[in-house]
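Walk through this fold one element at a time. Keep the viewer open and follow along.

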Amino acid sequence: MTTNLTADQATRVFNFSAGPATLPLSVLQQIQDELLTLPDVGASVMEISHRSADFDRIIEDAETRIGQLLNLPETHEVLFLQGGAALQNVMIPANLLVNSDQTADYLITGSWGKKSAAEVHHYGRLNVAFDGSDTGFSRLAADSEQRFSEGGAYCHFTSNETIQGVQYPELPKTNAPLVVDKSSDMFSAPINVSDYGLIYACAQKNVGIAGVTLVIIEKSLLERSGDRLPSYLSYAKHSKGGSRFNTPPTFAIYVTGLVCKWLQEEVGGLQAMADINQRKAAMLYQAIDSSDGFYQGHAAEDCRSVMNVVFKLGTDELDAKFLEEAAAESMKTLKGHRSLGGIRASIYNAMPIEGVEALAQFMQDFANKNG
Ligand code: PMP
C-alpha cells in the first residue's frame, strides 16, 4: 500500500508543542517508507534483536553521526539511555558524587533545574549556586551572584529552560566539571564538547522521539561510578555494554539516527541549523518588541531562548482568544506551561521557517485588531 504523502503534508498543522515536538517531515516519511521492512533486512526495525548485526549498523550509524555533528573528541563518549532527563537527575549525583560528603553546585534558572537539584540529597550535598525563583526565573545569574562551593564535584545547569524560555548565551564560569541539561536545545547550535564533563538530553524535542536519552560523558568521569551503585544506575556499566546493558529503545535510537542524518544532509550541519534558528527566533521577538507592550516577553533580553519563545498578552481572555484564533489558522499547541500561563511557541530545529513566518504575521495582525 502506498500512502499519499502530499495529503499528509496538507493536513499537518504547524505544531508548536514543547515536547514531544514536531519532527522533520522527511524523517517521518523515511520512517513510513521503512516501517514494514528495513532495506535489506526483511523485517521492521521494531522486530529485530538489539544484538543483531542489523541493529549494530543502526546504533553505530546514529553514534557516528552524533560524533560528526558535534566534532566529538576522543575524550568523550555517547550513551543511549532510557528514563528521560528525569532519570539523569538521579544518575548524575549517583555517579559523580563519590561519597555523601561531596558537594554538587546547581545553578537554578528555571523549573527543570529546580527538579534536577531536588534529587541531589539522596547522594550528597547540594549547593544552590544561584536560584532565580524570586524573579519568576526570568533571568540568569550575574557572575557576582553565583556562589560556587570549594571543590565542588560538578556544576549542573540547564542550558535552555523550556518552560520559562531562558537560555544561556555562554557557559557558567567555574572550575568544576560542567554538567548540562540540554534537553531542549541539543543540536540547535554547535558546541565545544570538551567544555563539558557530561551533556544530557531527552530526545523528544530536538533529537528524535520519547524513549531514548542522549548522554555524552567525559570518559574519565566513568571511573567515578565505582561498584557501589545498582547496575542500572551506573554509567560505567552502560558504557561497558555499548548502550545495551539491557534492551535499549531500538526504535527511538533509529529515529535519532534519522534526525541526525537530516541535520547533516538536508540542513547542512549545526552552524547552518544555528543560523536558521536565530532567524526564526528573531522574527518572533521582533513581533513582541514592536507591539508597544501588547505582547510581554517573559525572559530578560540577554537570555531569550532561541527554542522556546514565552510571552503573554494583557489578560487571560486575550491569551485564550489568541490561542483559539491561532488554532483556527493551523497553528497549534501554543499554550504556555500550566505553571506560567500565557503563550509558548516552541520553535525547535524541525519547526519549518514557514511556521514561524505564519506565527509572526498572525501576531502582528492579532495585535492590530485587538491592541
Ligand atoms: N529538562 C528539560 C530542559 C526539559 O525540557 C524536560 C522535558 N520537558 C525535561 C528535563 C524532562 O524530560 P523527561 O520528561 O524526558 O524526563
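In this predicted model, β12 and β14 run antiparallel and are joined by four bridges. One facing pair is V309, which stands opposite A345 in β14. On its other flank, strand β12 (residues 308-312) pairs with β11, again in the antiparallel sense, over two bridges. Here F311 in β12 has G297 opposite.

Put the two pairings together. The result is an open sheet of three strands, in the order β11-β12-β14, with antiparallel pairing. The edges are β11 (296-297) and β14 (343-346). Each has a single partner strand, so one side of each is left without a neighbour in the sheet.

How much of β12 is covered? Most of the strand is: four of its five residues are buried. Now look at the edge strand β14. I343 and A345 point one way from β14, while R344 and S346 point the other way. All of these residues are buried. The pattern has a general background. In a regular strand the side chains alternate between the two faces of the sheet.

Next, the helix that lies on the sheet. Helix α9 (residues 270-289) lies across β11, β12 and β14, and runs at about 15° to β12. This helix has 20 residues. From first C-alpha to last, α9 reaches 28 Å, close to the 28 Å expected at 1.5 Å a residue.

Which residues of α9 are buried? They are L270, M273, A274, N277, K280, A281, L284, Y285, A287 and I288. These cover an arc of only 155° around the axis, which puts them on the same side of α9. The general rule behind such spacing is simple. An α-helix has 3.6 residues a turn, so residues three or four places apart point the same way. On the other side of α9, R279 and Q286 are exposed. The cover over the buried residues of α9 includes the strands β11, β12 and β14. It also includes the helices α3 (53-70), α8 (250-267) and α11.

A further helix packs against two of these strands. The buried residues of α10 pack against β12 and β14, as well as β13 (331-332) and α11 (353-370). Check the length of α10 first. Helix α10 (residues 316-328) has 13 residues, which should span 18 Å at 1.5 Å a residue. The end C-alpha atoms of α10 are 19 Å apart, which agrees.

The buried set in α10 is L318, D319, F322, L323 and A326. They cover an arc of only 140° around the axis, which puts them on the same side of α10. Turned away from that buried side is a face with the exposed residues D316, E317, E324 and A328. After α10 comes S330, with a positive phi near 65°.

Now leave the sheet for a loop. Q146 is found between β4 (125-131) and β5 (155-158). Is Q146 buried or exposed? At 10% relative accessibility, Q146 counts as buried; the cut-off for burial is under 20%. Leaving aside neighbours within four places in sequence, Q146 is in contact with L107, A129 and A141.

Last, the cysteines. How many disulfides does the structure hold? The count is zero. A disulfide is a covalent bond between the sulfur atoms of two cysteines. Take C155: the closest cysteine sulfur to its own is in C303, and the separation is 17 Å, too far for a bond. From the side of C303, the closest cysteine sulfur is that of C155, at 17 Å. The cut-off is 2.5 Å. Both sites can also be checked for burial. C155 is buried, with a relative accessible area of 0%. C303 counts as buried too, at 1% relative accessibility.

Technical notes:
Residues are numbered from 1 along each chain as its sequence is written. This is a predicted model: local features need pLDDT of at least 70, side-chain atom pairs count only at pLDDT 80 or more; totals for chains, interfaces and linings use all residues. Side-chain values use heavy atoms; hydrogens and water are left out. Buried means under 20% relative accessible area, exposed over 50%, partly exposed in between (1.4 Å probe, protein chains only). Two strands pair if DSSP finds at least two bridges between them. Contact means heavy atoms within 4.5 Å. Axes are lines fitted to C-alpha atoms, for helices over the stretch in contact, and angles run from 0 to 180 degrees between N-to-C directions. The expected span of a helix is 1.5 Å times one less than its number of residues. The arc is that of the directions from the helix axis to the C-beta atoms.
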